[in-house]
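Trainee: Before I rely on any of the terms used for this protein, I would like to go through them with you and hear the reasoning behind each one.

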Amino acid sequence: AYAAGTTHASALILGATSKDGTSQFYGKAPLANATARDWHEHMELRWGSRAASVMRQYPLDRFNGSAAAAYIEADADERVVCPLRDMATLAANAGCAVYEYTYAHFSLACDAGWEMQTLPWWMPRPQLRPRFSHWASHGADVHYVFGTIHGPDDLNNSALQHCPFDAAVGEVELTAHISAYWASFVRGGVPQGVPEWPRFLAQPPNSTLTQTLRLQAGPSEGGGPEIQANFKEADCAFWSPEHQHAGSASSPPGDKSHRPS
């Protein structure tokens with residue numbers, strides 16, 4: 001409908017978390033204590049003959065050595081983040097006012113990575129903030145959107161769940177920012193807040209500049225929400241059908257160039 005220009009939507013908010021997708025929920029992603037060899041095996045199992053090129057795009061050193069982070073983000077980009085950006089582009093070019101966000105705040109209280117053990121459960125949580133800043137599993141934004149610290153969400157049905165906001169790292173302000181954006185969008189079709197949230201494509205279809213609101217908090221994440229230009233441009237170019245077709249044609253099956261010694 002978007003490609004044909006037949007959609008009736010006039011305004012959209014589209015977004016994902018930084019570690020979106022469901023790979024960690026179904027036991028596909030490496031655990032937090034995975035080694036480099038474990039990472040290689042998981043990547044090869046998931047992407048087969050494309051694994052070597054995926055590992056070059058998402059190397060361990062880009063993720064502070066975390067096999068889980070590298071795998072989950074690659075999987076999320078391929079299956080959620082980049083298809084969402086394709087949808088945002090189609091909708092914007094069809095005349096829809098599109099606002100894109102990425103939720104990228106690491107919560108020490110509630111994140112599915114703790115339960116799924118893709119985050120280092122054996123370490124004191126405050127020590128993990130710098131290393132895992134911007135980690136947000138699928139659903140990590142739910143409590144912040146609704147400003148709730150008790151009760152079930154879409155991942156945990158327990159009425160006893162407790163997810164307090166840490167005022168010291170700006171989490172109270174973060175939920176206030178998100179609530180303001182969402183509420184004003186519902187009222188008038190334009191999300192309003194600080195910083196100002198620009199449209200995903202300012203001048204479609206001629207502009208290639210994209211603008212994304214990154215929702216974050218705390219010193220290790222650069223403070224409060226900020227606007228990012230051309231968010232995920234390189235990663236999504238990697239996952240484009242044109243690049244993947246060219247890569248599959250030039251890379252022999254079973255490329256072992258990234259196998260750890």
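Mentor: Let us begin with the helices that pack on the sheet, keeping in mind that this is a predicted model. Helix α3 lies across β1, β2 and β3 (211-215) and runs at about 165 degrees to β1. Helix α6 also lies across β1, β2 and β3, running at about 135 degrees to β3.

Trainee: What makes β1 and β4 the edge strands of the sheet?

Mentor: Four strands form an open sheet in the order β1-β2-β3-β4, with mixed pairing. Within that order β1 and β4 (226-229) each pair on one side only, and they are therefore the edge strands. From one strand to the next, the twist averages 30 degrees.

Trainee: How do you know that β1 and β2 pair?

Mentor: Two strands count as paired if there are at least two bridges between them, and β1 and β2 have seven bridges, in the parallel sense. Among the partners, A16 stands opposite T102 in β2, while the bridge partner of T17 in β2 is Y103. As a general point, strands of a sheet pair through backbone hydrogen bonds, either parallel or antiparallel.

Trainee: Why is strand β1 called largely enclosed?

Mentor: Five of the seven residues of β1 (residues 11-17) are buried, and the strand is therefore largely enclosed by the rest of the structure.

Trainee: Why does C96 count as buried?

Mentor: The cut-off for buried is under 20% relative accessible area, and C96 has 3% relative accessibility, so C96 counts as buried.

Trainee: How do you know that C82 and C236 form a disulfide?

Mentor: The sulfur atoms of C82 and C236 are 2.2 Å apart, and a disulfide requires a sulfur pair within 2.5 Å, so the pair qualifies. The torsion about the S-S bond is -85 degrees, and the link is left-handed. Because C82 lies in helix α3 and C236 in helix α7, the pair ties together parts that are 154 residues apart in sequence. Both C82 and C236 are buried.

Trainee: What makes the link of C110 and C163 a left-handed disulfide?

Mentor: The S to S distance of C110 and C163 is 1.9 Å, which is within the 2.5 Å cut-off, and the torsion about their S-S bond is about -90 degrees, so the disulfide is left-handed. The pair links distant parts of the chain, 53 residues apart, with C110 in the loop between β2 (97-103) and α4 (112-116) and C163 in the loop between α5 (142-146) and α6 (171-188). Both C110 and C163 are buried.

Trainee: Which pattern do the disulfides of the chain follow?

Mentor: The structure holds two disulfides, and, with bonded cysteines counted along the chain, they follow the pattern 1-4, 2-3.

Trainee: What makes a group of residues a nonpolar core here?

Mentor: The members must be buried residues of the nonpolar kinds in question, joined through side-chain atoms within 4.5 Å. The largest such core has 29 residues, of which W47, V54, F106, W135 and W239 touch the most other members. Helices α1 (36-47), α2 (51-57), α3 (67-93) and α7 (233-239) each supply at least two residues of this core, and the largest share, eight residues, comes from α3. Apart from this core lies another, of 18 residues, among them Y101, A140, L213 and A217.

Trainee: Which residues is W239 in contact with, leaving aside its neighbours within four places in sequence?

Mentor: On that basis, the contacts of W239 are W47, R50, V54, Y58, A74, D77, E78, C82 and Q244.

Conventions. Residues are numbered from 1 along each chain as its sequence is written. This is a predicted model: local features need pLDDT of at least 70, side-chain atom pairs count only at pLDDT 80 or more; totals for chains, interfaces and linings use all residues. Side-chain values use heavy atoms; hydrogens and water are left out. Buried means under 20% relative accessible area, exposed over 50%, partly exposed in between (1.4 Å probe, protein chains only). Contact means heavy atoms within 4.5 Å. Axes are lines fitted to C-alpha atoms, for helices over the stretch in contact, and angles run from 0 to 180 degrees between N-to-C directions.
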